[in-house]
Amino acid sequence: MPYSLTIAPTANPELDQAIADASLLATLRESAPVGAFALVTRADSDAGRFDRVLRSFGYYDGYIEILIAGRATDDPALLPLLEDLPDTDETEVVVAIDPGPLYRLGDVRLEGDVPEGARAAFDLSKGEPARAAVVLAAGQAVLDALLEDGFALAQVSPPDAVVDHDTRTMDVLYLAEPGPRLSIGPVTVSGLERLREDYVLRRLDLAPGMRFSPSRLEAARRDLLAGGVLAWARLTPAAQPDAQGRLPLSLEVAERPLRVVRLTGAFSTDEGATVSGSWTHRNLFGRAEQLTLRGDIGQLARNRPDELSYSANGMLRIPDVWIRDLALRLDLGAVRESLDAYDRDAITAGTALERRLSARLSVSAGLTFEHARITQDEVARNYRLFSFPLKLTYDSTDDRLDPSRGILLSVQLSPARVLQGDTDGFFRGRLAGSAYFDVTRLLGARDELGRSVLAARLALGRILGAATDAVPPDWRFYAGGGGSVRGYPFQSIGPRTASDNPAGGDGLLEGSLEWRQRIAENWGAAAFVDAGAVYDDGIPGTGALAIGVGLGIRYFTPVGPVRVDLATPLDPYDGDAPVQIYIGIGQAF
């Protein structure tokens, strides 16, 4: 029996939304057709649901009327009337709700030997609206405060609530039993296969005698999972303290597969196609040592086989090498590049220490050696140099491949000592930052499928201590391409050589602004403007910016969004295509 539904508003948008969410008449109208008797039953069921919603908002004298075809659900003539209606006719269902007077809190009490800190979390006050969510949240807040203060076995009973219809008030009584304040006891680990227990306990950093705290336990569990070796971890306190008055913990874990193979690809009309593959061993020696071997082939659709770009790299990362959160990284790589700016054959080797200072802040320092032969404008030069890269990273974003809120800030400083080349050394610095604003959430909307995100990016770069032409071409700044200024060919923005190829510069300015709109469960769209400039005598001003604009579509998968962008340059160079296409996984920045 098809039917239409009208729910009259109550002048309280939050209450109206809760009523609509609770209504089976609304949620099942199209997905679960019903006959006459079932329609009446569904309406009666909704009346009970609406009454519970009203009470949860503090309305205990509400009036609910549901009319089907103009008749009340208890009207004896309703069923025969509905059964005689043609199957094609749509029956009108109208819901009218009068919430009535708002009840308020009367006497509110928290009884028990509760410390002042936890008692302060009990924020119910006489005269407030008697909303169920607020009343329940007050008890949970007291329990959370007790647990966080070390009362691991604390209990807070459900509220004893008494409604007085004469005074239109609700009296609330909570009874709390804190129990003893406990410290953390020994940790028992189960589920390990190759991973060593001493590594797990070191990563947890939960020494016996520490004060019990749920937030401390959760932070330790997340720290353990961040190593990438475990699929999941569950940390459970015992029900009773041990003989020393400490609370033992039980840690259950499951390890991820030891080896993983990754294949990725990207395509752009300026660079062609790139294919990358890597093999990773997540736990080489039993303490989460990670070995990764990677290979890349670039410019597949653009050049002849002898002009393709190749790279191979091996990386070994050893966590907690001397102290907790200090990792040692060893890199060895070889590359052959064939670019418009230069051709490069190089071997690189490096080591770095990476230190995580907090959940969002990390720093690294290292030593890198490079031996390269680079050809630019048909002139080949050999370079040998040491660099001392320093990097500071702040990351508060919520997702690496598809961030919707937070800030990503990176500062890179690289002093370089040249052993063979046209200069004794130079200093390269680069500052890059991105910010993401979930506009939908900022406006208080609830529909995640319509999420709107505003993303912004800014990058500055500078090389000091040497003339631009004395700096190895692969260390200079370039702009243009999918990760820079979309619409312009890769590395095309900035100074040119005598043969009109990109020369690179010692100053960089880049910026992007992108609006990302989710338009369906798996689909989204983007509109963006990118700008950038490269100078050979310092950081350029905004008057030198090359600007590209474009549109894109996104298809969201479990591993991240697949991105397709079309961009056009507003001030193209001679020979530039009017439109560039970029395809890849993950957002542009």
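## Close-ups of a predicted model

**View 1. Tyr394 and the residues around it.** Tyr394 is found in strand β20, which covers residues 390-395. Keep in mind for every view here that this is a predicted model. Is Tyr394 buried, partly exposed or exposed? With a relative accessible area of 31%, Tyr394 is partly exposed. Now look for Leu361: Tyr394 and Leu361 are 33 residues apart along the chain, yet their C-alpha atoms are separated by 4.6 Å. Leaving aside residues up to four places away in sequence, Tyr394 touches Arg360, Leu361, Ile407, Leu408 and Leu409.

**View 2. Strand β11 and its two partners.** Strand β11 takes in residues 246-255, and 6 bridges join β11 to strand β9 (residues 183-190). β9 and β11 run parallel. For a spot to zoom in on, find Val187, which stands opposite Leu249 in β11. Strand β10 (residues 230-237) pairs with β11 too, through 7 bridges, but these two run antiparallel. Here, try Ala233, whose bridge partner in β11 is Val253. While you're looking at strands, here's a handy rule: in a regular strand the side chains alternate between the two faces of the sheet.

**View 3. The buried side of helix α7.** Which residues of helix α7 (residues 197-204) are buried? They are Tyr199, Val200, Arg203 and Leu204. These residues cover an arc of only 130° around the axis, so they sit on the same side of α7. The general idea is simple: an α-helix has 3.6 residues a turn, so residues three or four places apart point the same way. As for what covers the buried residues of α7, that includes β9, α8 (214-226), β11 and β17 (343-356). Just after the helix, Asp205 takes a positive phi of about 60°.

**View 4. A salt bridge from helix α7 to a loop.** The side chains of Arg203 and Asp325 meet in a salt bridge, with 3.0 Å from N to O. This pair links distant parts of the chain, 122 residues apart: Arg203 belongs to helix α7, while Asp325 sits in the loop between β15 (309-318) and β16 (326-338). Arg203 counts as buried because its relative accessibility is 6%. Asp325, at 17% relative accessibility, counts as buried as well. A search of the whole structure finds 41 salt bridges.

**View 5. Arg486 and its salt bridges.** Arg486 forms a salt bridge with Asp530, and the closest N and O atoms are 2.6 Å apart. Arg486 lies in the loop between β23 (452-464) and β24 (507-518), whereas Asp530 is in strand β25 (residues 523-535), so far along that the two are 44 residues apart. Arg486 is buried at 1% relative accessibility, and Asp530 is buried at 0%. Arg486 also forms a salt bridge with Asp565, this time with the closest N and O atoms 2.9 Å apart. Asp565 is in strand β27 (residues 560-569), so this pair ties together parts that are 79 residues apart in sequence. Both Arg486 and Asp565 are buried. Step back and you'll see a network of salt bridges linking Arg486, Glu514, Arg516, Asp530, Arg554, Arg563 and Asp565.

**View 6. A nonpolar patch on the surface.** Phe267, Leu401, Ile519, Trp523, Ile553, Tyr555, Val562, Ile583 and Ile585 form a nonpolar patch here, with about 770 Å² of accessible area together. Which elements give two or more residues to the patch? Those are β26 (546-557) and β28 (580-585). Phe267 has its place in strand β12 (residues 259-268) and is partly exposed, with a relative accessible area of 31%.

How values were computed. Residues numbered from 1 in each chain as written. Predicted model: local features only at pLDDT ≥ 70, side-chain atom pairs only at ≥ 80, totals over all residues. Heavy atoms only, no water. Patch = residues over 30% accessible without salt bridge, like charges linked within 9 Å, V, L, I, M, F, W, Y side chains within 5 Å. Areas by Shrake-Rupley, 256 points an atom, 1.4 Å probe, with all protein chains shown as cover. Salt bridge = Lys/Arg side-chain N within 4 Å of Asp/Glu carboxyl O. Helix = DSSP H or I, 4+ residues; strand = E, 2+ residues; numbered from the N terminus. Buried < 20%, exposed > 50% of the residue type's maximum accessible area, 1.4 Å probe, protein only. Pairing = 2+ DSSP bridges. Arc of directions from axis to C-beta. Contact = heavy atoms within 4.5 Å.
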